[in-house]
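Student: I'd like a close look at one part of this model, with the surroundings tied in afterwards. Here it is.

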Amino acid sequence: LMCNSKDVSLMQSFGLDSVVLSREITLEEICEIAKKSIGKTIVQVYGYQVMAHSKRHFLRNYLKEINKDLDLQDLRDLTLIETTRTGRMPILEEKDGCRIYTDYILCAIKELDAMKQANVDEILLDGLFIERNEYSEAIQCFMDVLNGADASEKYAFMKQKQDAISE
C-alpha cells in the first residue's frame with residue numbers, strides 16, 4: 001500500500017502499472033498522489049478498516065490460557081467490545097495471524113467527486129463482515145453517485161441503514 005507520491009513514482013519506474021493507496025492517508029494526499037501518478041491509482045472507499053494486525057494468534061492463545069478448546073480460526077462473526085466503548089470491533093484470526101478492525105464502516109462516497117477530479121482510476125469496496133444485502137445496497141449507492149446522483153443523499157441513506165443495523 002502506497003502512502004506518498006515518491007513511493008508511487010519509484011514503483012511505477014520498476015514497471016508497476018497500478019498502485020493501491022494506503023487507507024491511512026488523507027483525501028488531500030490521495031488527490032496529490034493520483035494527480036502525479038503516471039499509472040493507475042486505486043483507493044478503498046468502503047468497508048471496515050484494519051486497526052491492528054499481528055502474526056500472533058490472540059484468540060487461540062487466550063483460549064489456551066483459560067483452558068477452552070475451541071477453534072475460532074477463520075470465523076467471521078466474532079467481535080470485541082472495549083470496556084470504555086460501545087462499538088463492536090470485528091476480529092479475524094487466520095493461519096497467518098490476527099486482525100482487529102474498526103468498529104465503523106469507512107464510507108467515502110462524499111469524497112468520490114474529489115477523487116474523480118484528481119484522476120483516481122479505480123475504487124475498492126470491501127464487503128468483509130458486511131451482510132450481503134447491505135453490501136449490495138452500498139455498491140448501488142456508489143454506482144448511482146458515479147452516474148451523477150447526489151452523494152450527500154446517498155451518504156445519508158447509507159448512514160441511516162448502518163445506524164439501524166447497529167442498534
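What is the relative accessibility of Tyr 101, and does Tyr 101 count as buried or exposed?

Tutor: Tyr 101 is buried, with just 4% relative accessibility; here buried means under 20% relative accessible area, exposed over 50%, and partly exposed in between, using a 1.4 Å probe and protein chains only. One caveat up front: this is a predicted model, with local features needing pLDDT of at least 70 and side-chain atom pairs 80 or more, while totals for chains, interfaces and linings use all residues. Residues are numbered from 1 along each chain as its sequence is written, and side-chain values use heavy atoms, leaving out hydrogens and water.

So what does Tyr 101 pair up with? Searching the whole structure turns up four aromatic pairs (Phe, Tyr or Trp rings, six-membered for Trp, with centres within 6.5 Å; planes under 30 degrees apart are stacked, over 60 edge-to-face, the rest tilted). Among them is Tyr 101 with Phe 129, an edge-to-face pair with 4.9 Å between the centres and 70 degrees between the planes. That contact joins distant parts of the chain, 28 residues apart: Tyr 101 belongs to strand β5 (residues 97–107), while Phe 129 lies in the loop between β6 (122–125) and α5. (Helices are DSSP H or I runs of at least four residues and strands E runs of at least two, numbered from the N terminus.) Elsewhere, Tyr 46, Tyr 135 and Phe 142 are linked by ring pairs into a cluster.

Now follow the chain into α5, where the side chains carry charge contacts to α6. Glu 137 and Lys 161 meet in a salt bridge at 3.5 Å, N to O (a Lys or Arg side-chain nitrogen within 4 Å of an Asp or Glu carboxyl oxygen). This one spans distant parts of the chain too: Glu 137 is in α5 (residues 132–146) and Lys 161 is in α6 (residues 151–166), 24 residues apart. Glu 137 is partly exposed at 30% relative accessibility, and Lys 161 is partly exposed as well, at 32%.

A second bridge runs between Asp 144 and Lys 154, at 2.9 Å from N to O. Again distant parts of the chain are linked, with Asp 144 in α5 and Lys 154 in α6, 10 residues apart. Both ends are partly exposed: Asp 144 has a relative accessible area of 21% and Lys 154 has 23%.

Those two are among the seven salt bridges found across the whole structure. Another sits inside a single helix: Glu 32 bridges to Lys 36, with the closest N and O atoms 3.4 Å apart. Why can these two reach each other? They are four residues apart in α2 (residues 27–36), so about one helical turn separates them. Glu 32 is partly exposed, at 39% relative accessibility.

While we're on α2, its two sides look quite unlike each other. Ile 30, Cys 31, Ile 33 and Ala 34 are its buried residues. They lie on the same side of α2, because they cover an arc of only 165 degrees around the axis (taken from the directions from the helix axis to the C-beta atoms). On the other side of α2, Glu 28 and Lys 35 are exposed.
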